[in-house]
Amino acid sequence: MEGLTSSEIAGFVVGALLLGATIAAPKVDGFIASSQRRSLGMCKRCGDLRIVACSQCKGTGSARSGGMLSLGVLDDLYESLGAEAKTENLVPCTKCSSRGRLMCPECSKVA
Ligand SMILES: [Zn+2]
Ligand SMILES: [Zn+2]
């Protein structure tokens, strides 16, 4: 490899490490938060809120009628085109009755 000095290589390595740390940070945060909650006797799932965001609609209360059949790539395409069809396919989420949140499964288990 010509034209690459050792300091340039070092800079690249540091950059890659920083990038990796940035990507990993939210996951580490989440891990620490859940272990803290556990040590405090709080629910690790909801932090004693007793509600969690609906996994089916991601807390929005509505789901696409296409459901699992819709392709994420296609959605991205619609998004980039700015198509208004985006909201047309939305139906109330059946899992949470369009409330966007559910009883925490961990807490309701204990109760
Ligand atoms: Zn839902
Ligand atoms: Zn809970």
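What follows is a conversation about reading a predicted protein model.

Biologist: Before I look at single residues, how many helices and strands does the protein have, and what pattern do they follow along the sequence?

Modeller: There are 3 helices and 4 strands. Read along the sequence, they come in the pattern α-β-β-α-β-β-α.

Biologist: This is a predicted model, so which elements have the lowest and the highest mean pLDDT?

Modeller: A general idea helps here: where pLDDT is low, the coordinates should not be read in detail. In this protein the mean pLDDT is 76, with 70% of the residues at 70 or more. Among its elements, helix α2 (residues 72-81) has the lowest mean, 58, while β4 has the highest, 92.

Biologist: Now burial. What share of the residues counts as buried?

Modeller: Of the 111 residues, 5% count as buried. The cut-off to keep in mind is 20 or more other C-beta atoms within 10 Å for buried, and 12 or fewer for exposed. Cys 54, in the loop between β1 and β2, counts as buried because it has 20 C-beta neighbours inside 10 Å.

Biologist: Which residues make up the largest nonpolar core?

Modeller: That core has 5 residues: Cys 54, Cys 57, Ala 63, Cys 93 and Cys 96. You can follow some of its links through contacts. Setting aside residues up to four places away in sequence, Cys 57 touches Ala 63, Cys 93 and Cys 96, among others. Cys 54 has contacts that include Cys 93 and Cys 96, again leaving out its neighbours within four places in sequence.

Biologist: How should I read contacts between residues that are far apart in sequence?

Modeller: Start with the overall figure: among contacts between residues at least 6 apart in sequence, 76% join residues at least 24 apart. Then take single pairs. Cys 54 and Arg 101 are 47 residues apart along the chain, with 4.6 Å between their C-alpha atoms. Gly 100 and Cys 54 are 46 residues apart in sequence, and their C-alpha atoms are 5.3 Å apart.

Biologist: Where is Gly 100, and which residues is it in contact with?

Modeller: Gly 100 sits in the loop between β3 and β4. Beyond its neighbours within four places in sequence, Gly 100 is in contact with Ala 53, Cys 54, Cys 57, Gly 59, Thr 60 and Gly 61. Gly 100 is classed as partly exposed because 17 other C-beta atoms lie within 10 Å.

Biologist: And what does Arg 50 contact?

Modeller: Arg 50 lies in the loop between α1 (6-39) and β1. Leaving aside neighbours within four places in sequence, its contacts are Met 103, Cys 104 and Cys 107. The C-alpha atoms of Arg 50 and Pro 105, which are 55 residues apart along the chain, are separated by 8.4 Å. With 15 other C-beta atoms within 10 Å, Arg 50 is partly exposed.

Biologist: One last feature: how do I read a positive phi?

Modeller: Most residues other than glycine have a negative phi, so a positive value is worth a look. Lys 58 is not a glycine, yet its phi is positive, about 60°. Ser 97 is not a glycine either, and has a positive phi of about 55°.

Biologist: Where are these two residues, and are they buried or exposed?

Modeller: Lys 58 is in the loop between β1 (51-53) and β2 (62-64), and counts as exposed because it has 12 C-beta neighbours inside 10 Å. Ser 97 is in the loop between β3 (90-92) and β4 (101-103), and counts as exposed with 11 such neighbours.

Notes:
Residues are numbered from 1 along each chain as its sequence is written. Chains are lettered from A and ligands numbered from 1 in the order in which they are written. This is a predicted model: local features need pLDDT of at least 70, side-chain atom pairs count only at pLDDT 80 or more; totals for chains, interfaces and linings use all residues. Two residues are in contact if their C-beta atoms, placed from the backbone, lie within 7 Å. pLDDT is the predictor's confidence in each residue, from 0 to 100. A nonpolar core is a set of buried Ala, Val, Leu, Ile, Met, Phe, Trp, Tyr and Cys residues joined through C-beta atoms within 7 Å.
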